[in-house]
Amino acid sequence: MSEQSSRKQRQLLGKRKPAERKREVRPQRPPMRGWLGRGRGSSSYVQAADEWRGTTVQVCGLWPYAIGTGTPMVGVPLGRHIHTGATLCCDPISWFQRAKLISNPSAFVLGKPGLGKSTIVRRMATGLAGYGVMPLVLGDLKPDYVDLIEALGGQVITLGRGRGYLNILDPGEAAEAAARLRQAGYTREAAQVLADAHGRRHTMVSALLTILRSSPPTDREETIIDRALKYLDAHHDGVPVLGDLLRVIQEGPAEVRAVALDRGDDARYQAITENLEASLIGLVGGGRLGETFARPTTNPMRRDAPVVYDVSAIDDSEMDLQAATLLACWSAGFGTVNVANALADAGLEPRRHYFVILDELWRALRAGRGMVDRVDALTRLNRQRGVGMAMISHTMSDLLALANEEDRMKARGFVERSGMVICGGLPSAEMPQLTAAVPFSRAEQDMLIGWQDPPAWDPSTGREAEPPGRGKFLVKVGGRPGIPVNVQLTATELSINDTNRLWHEQSRVGRRSESAVPVQEEVDQ
């Protein structure tokens, strides 16, 4: 540009008003969303900055640009936060013992079938086993945990008609533990262990009679059973069975006759014990409950390894047998826990913590009278027993479908007293009952309802896609906002988390076997 033309331009600019010259000045840098106007690069969406994850040791030099993840990092790694991608570590024992986030080491898991309720509890059990906590599955009705316990090197105890027996009069390891305590000078503790074992055996006999009769035994019958058990402990060599208890009541020693108030009359004694004798004959000789509890225990429970009671062989139509077996498993399991605690208190063994899993809780509660009270007692004493607990059911409606109003209120209390409530996909009809027990915001309710939607149809493969809520859960602790997490399994976990294994192989009913094909061809020729 020539000097003359540049001089004219400066003159023209000098004649303009200051406000006009100010409007002509453009900023040297574009604003956050770019220059407005067509073709000038404006944007209505600002892309989020890139984020990286690392440990505290790795990112400490980036201060002040490092921030916390916002999710607890104490316990078993469950998965990633659905919104932020942060890792969530969660289990009832770690949050109670180490993180002090909950006041009760228990979790209640709710969700529709097929969304991964058992899977998230198996993940907790696997991680806690790495921390030294023993998983105890006291009654696996499907089964869902046999492969896991076998992979952990634990003990699988199979029960059912013709498959295994659990002697309810077997004190388990109580007698051996009492002898060790007396030898170490803990006489009072030894007596307490034996008294606890006696109380459990007495409770189990009464529970079986209640299930068999559909009514509890009388006060006099309870006293007769108690004195007969004490007579067996004093005079019987070895471990007694129900047949031995029946024999003592039939023979009627002086100790038993004294509490029966027979007044020295044999006919009166036989009339008093007739109903009790008839019920015990039903337990010993088969009947609805079979001989599952009338023979010596085939596989005694250990206290130093993970254990699962596999009761999947008992059909759902045998509700009485299911109820009796579950009660027997719970009695044996918590009896073993009491023995372990007594030996640890005396310093004879290291302290062991246990993670008790009660899956398909709704089936257990409906199995018979006394089940709700039994679970209610367990949920109130888990802190004193040194155990964590995970209870699993489908919906709140399953818990509130019990016949007795008192039982329904107790079942609702299971959810209210749990240290944490973990919810998967649930229908909208469940929200009033759920929010009555645990507060959920409207957004959290919508999230749970969305997760229970049916899977979409994949036209490329001709199969259903994965359900939108599979592996997604909301962890609630009291009135705090829930933590949405997506549980992701490793390749090793996938091999032991298949609960639909029987459906993988196609049915061959009505088809010719391969060996029959050549024979048919020879006949045709």
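In what order do the eleven strands of the open sheet stand? The order is 2-1-13-12-9-3-8-7-4-6-5, and the pairing is mixed. This is a predicted model. Strands of a sheet pair through backbone hydrogen bonds, either parallel or antiparallel.

Start at the edges. Strand 2 (87-89) stands at one of them and strand 5 (155-158) at the other. Each has a single partner strand, so one side of each is left without a neighbour in the sheet. From one strand to the next, the twist averages 25°.

Now take the edge at strand 2. Its link to strand 1 (residues 77-81) consists of three bridges, and the two strands run antiparallel. Pro77 of strand 1 has Cys89 as its bridge partner in strand 2.

Move to the edge at strand 5. Here the pairing with strand 6 is parallel, over four bridges. Thr158 has its bridge partner, Asp310, in strand 6. Which side chains of strand 5 are buried? Gln155 and Ile157 are, and they point to one face. Val156 and Thr158 point to the other face and are not buried. The side chains thus alternate along the strand.

Next come the helices. Helix 13 (residues 319-345) lies across four strands: strand 4 (134-140), strand 6 (307-310), strand 7 (354-358) and strand 8 (387-393). Helix 13 runs at about 160° to strand 4. Asn341 sits in this helix. Is Asn341 buried or exposed? Its relative accessibility is 11%, and buried means under 20%, so Asn341 counts as buried. Leaving aside residues up to four places away in sequence, Asn341 touches three arginines: Arg351, Arg352 and Arg385.

Helix 19 (residues 442-451) covers another part of the sheet. This helix lies across strand 9 (420-423), strand 12 (472-476) and strand 13 (483-487). Its angle to strand 12 is about 150°.

Which residues of helix 19 are buried? They are Glu444, Gln445, Leu448, Ile449 and Trp451. Seen down the helix axis, these buried residues fall within an arc of 160°, so they line one face of helix 19. A general rule helps here. An α-helix has 3.6 residues a turn, so residues three or four places apart point the same way. The buried residues of helix 19 pack against strand 9, strand 12 and strand 13, and also against helix 18 (431-437). What does the face turned away from the buried side carry? It carries the exposed residues Arg442 and Ala443.

Key: Residues numbered from 1 in each chain as written. Predicted model: local features only at pLDDT ≥ 70, side-chain atom pairs only at ≥ 80, totals over all residues. Heavy atoms only, no water. Pairing = 2+ DSSP bridges. Axes fitted to C-alpha atoms, helices over the stretch in contact; angles between N-to-C directions. Contact = heavy atoms within 4.5 Å. Buried < 20%, exposed > 50% of the residue type's maximum accessible area, 1.4 Å probe, protein only. Arc of directions from axis to C-beta.
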